[in-house]
Amino acid sequence: MKKRILWAAADLAAAALIMLGVWVMDYLLPQKGIAAVPIRSSVADKEISRQTGMEKPDQEEPMQKGQVIRNPQNWHEKFADKFTDTVISTDTSYTSPDISVQLSYHQYDTGKLDKSDSGKHKEYGTQISYVLADIYVGDITCIQTAFAQDTYGVGYSEKLTDMSARMKSVLAVNGDSYSNNRHKDNGTIIRNGVIYRNEQTDAETCVLNWDGTMDIYAPGQVDLQQLRERGAYQSWVFGPSLLDENGKAKDTFLTWDYIRQSHPRTAIGYYEPGHYCLLLVDGRQKNSRGMFPQEMAKVFENLGCKAAYNLDGGHCSFMTLKNQVVNHPYKPEHEVEDGIFIVEAAK
């Protein structure tokens with residue numbers, strides 16, 4: 001009997017080691033890496049298109065690109081009161097000839113405990129605190145993305161503060177953790193105008209276009225040729241989307257049960273071309289339990305956004321202004337796979 005128990009224990013230990021090895025090999029060790037294409041490559045294509053009226057052929061670049069379709073409206077003129085002739089930077093704001101970022105802090109009591117997941121969230125109470133970044137840009141290239149270690153692939157991660165320093169960003173938040181599920185059926189990834197992946201997904205896809213508009217596609221609606229013709233600039237695959245086509249808060253969400261619980265969250269909102277916001281919700285602590293999707297959707301509705309999209313959250317939710325962390329994460333900084341960065345426009 002003892003031998004059988006020992007053999008069973010040995011088998012379980014061996015199986016655990018094998019599973020640990022697979023997890024380390026498949027998810028932790030960097031693999032399938034491709035160096036990210038610099039944003040200036042896409043900007044150079046834009047200039048070629050402007051001067052010649054022709055797109056630069058895809059085969060001249062290592063990755064495919066969509067059309068660069070610029071918005072004819074001059075955002076510098078439209079939002080002239082938001083920009084400043086020189087850089088003015090404070091603990092909660094940054095303005096320049098191309099960028100306006102204003103942070104505001106909010107806290108309220110929902111009066112609602114999160115009783116999901118066998119009541120594991122109840123200890124965090126009913127308070128919510130979040131920071132909102134209101135953003136105006138004079139050029140769409142002020143909104144850029146970056147992969148950890150400047151590499152597209154599996155297993156690459158980096159602290160957002162280090163990525164922000166490398167990007168010389170004004171504002172930074174975590175992205176969508178694009179390499180979840182090792183790229184399998186994990187959607188179309190377009191970053192800074194470059195198409196890195198085109199796969200199916202059961203999640204909604206958020207797309208920011210070169211003309212500054214934002215589109216959200218349901219599963220099965222993403223067509224790569226259509227995205228290229230539309231002028232896709234950035235895409236994220238996580239979700240869910242938070243507002244309906246009329247800008248009203250949704251009450252049902254295309255996501256899995258875990259995401260429906262209250263969590264620290266990061267989300268992007270869209271008002272109109274040139275005007276956006278980033279929302280960072282603290283969570284898993286007494287002064288902020290985190291938000292349910294419907295609570296976050298209501299925030300975006302009240303802000304007057306036309307579209308809003310949930311990004312990765314939990315331990316990954318992090319926001320910096322210049323070199324300062326501006327939210328209150330419940331744990332020390334966590335390495336992330338990608339981020340969204342507000343930077344001075346690429347020239």
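Tutor: Two strands count as paired when DSSP finds at least two bridges between them. Keep that in mind as we look at this model, which is predicted. A good place to start is strand β16, residues 265–272.

Student: In which sense do β16 and strand β17 pair, and over how many bridges?

Tutor: They pair in the antiparallel sense, over 7 bridges, with β17 covering residues 275–281. To see one position of that pairing, find Arg265, which stands opposite Val281 in β17. The two strands form a hairpin with 2 residues between them, and in this hairpin Gly274 has a positive phi near 95 degrees.

Student: How many bridges join β16 to strand β18?

Tutor: There are 4 bridges, and β16 and β18 (residues 307–310) also run antiparallel. For an example, look at Ala267: its bridge partner in β18 is Asn310.

Student: Why is β16 described as largely enclosed by the rest of the structure?

Tutor: A residue is called buried when its relative accessible area is under 20%. In β16, 7 of the 8 residues are buried, so the strand is largely enclosed by the rest of the structure.

Student: What do the buried residues of α8 pack against?

Tutor: They pack against β5, β6, α7 (257–260), β16, β17 and β18. So you meet the three strands we just discussed again here. Helix α8 spans residues 293–303, and its buried residues are Pro293, Glu295, Met296, Ala297, Val299, Phe300 and Glu301. Just after the helix, Gly304 takes a positive phi of about 90 degrees.

Student: Let me zoom out. How many helices and strands does the protein chain have?

Tutor: The secondary structure comes to 8 helices and 22 strands. The chain has 347 residues, and 52% of them count as buried. Its accessible surface comes to about 16300 Å², with 53% belonging to carbon and sulfur atoms. You can also look at how far along the sequence contacts reach: among those between residues at least 6 apart, 71% join residues at least 24 apart.

Student: Which residues have the most contacts inside the largest nonpolar core?

Tutor: Those are Val101, Leu103, Leu171 and Met319, in a core of 42 residues. Strand β6, residues 127–137, gives the largest share of this core, with 5 residues. Apart from this core lies another, of 18 residues, and Leu243, Met296, Phe300 and Ala308 are among them.

Student: Which residues is Val101 in contact with, leaving aside its neighbours within four places in sequence?

Tutor: Val101 is in contact with Thr92, Ser93, Tyr94, Asp134, Ile135, Val170, Leu171, Leu321 and Ile342.

Student: Now a single tyrosine. Where is the place of Tyr108?

Tutor: Tyr108 is in strand β5, residues 99–109. This residue is partly exposed, with a relative accessible area of 31%. Not counting residues up to four places away in sequence, Tyr108 touches Thr126, Gln127, Ile128, Tyr130, Met291 and Glu295. The C-alpha atoms of Tyr108 and Ser129 are separated by 6.7 Å, while the two residues are 21 apart along the chain.

Student: And Pro72: is this residue buried or exposed?

Tutor: Pro72 is exposed, with a relative accessible area of 82%. You will find Pro72 in the loop between β2 (64–65) and α3 (75–78). Pro72 and Asp211 are 139 residues apart in sequence, yet their C-alpha atoms are 8.1 Å apart in space.

Student: Why is there no bond between the sulfur of Cys305 and the closest cysteine sulfur?

Tutor: A disulfide needs the two sulfur atoms within 2.5 Å. The closest cysteine sulfur to that of Cys305 is in Cys277, at 3.8 Å, which is too far for a bond. The disulfide count for the structure is 0. Cys305 is buried at 3% relative accessibility, and Cys142 is buried at 0%.

Student: Last topic, the rings. How many aromatic pairs does the structure hold?

Tutor: The structure holds 9 aromatic pairs. One of them is Phe147 with Tyr196, an edge-to-face pair at 5.0 Å centre to centre and 85 degrees between the planes. Phe147 lies in strand β7 (residues 143–147) and Tyr196 in strand β12 (residues 194–197), so the pair ties together parts 49 residues apart in sequence. Phe147 counts as buried at 3% relative accessibility, as does Tyr196 at 9%. Ring pairs also link Phe147, Tyr152, Tyr178 and Tyr196 into a cluster.

Key
Residues numbered from 1 in each chain as written. Predicted model: local features only at pLDDT ≥ 70, side-chain atom pairs only at ≥ 80, totals over all residues. Heavy atoms only, no water. Buried < 20%, exposed > 50% of the residue type's maximum accessible area, 1.4 Å probe, protein only. Contact = heavy atoms within 4.5 Å. Areas by Shrake-Rupley, 256 points an atom, 1.4 Å probe, with all protein chains shown as cover. Core = buried A, V, L, I, M, F, W, Y, C linked by side-chain atoms within 4.5 Å. Phe/Tyr/Trp six-rings, centres within 6.5 Å; stacked < 30°, edge-to-face > 60°.
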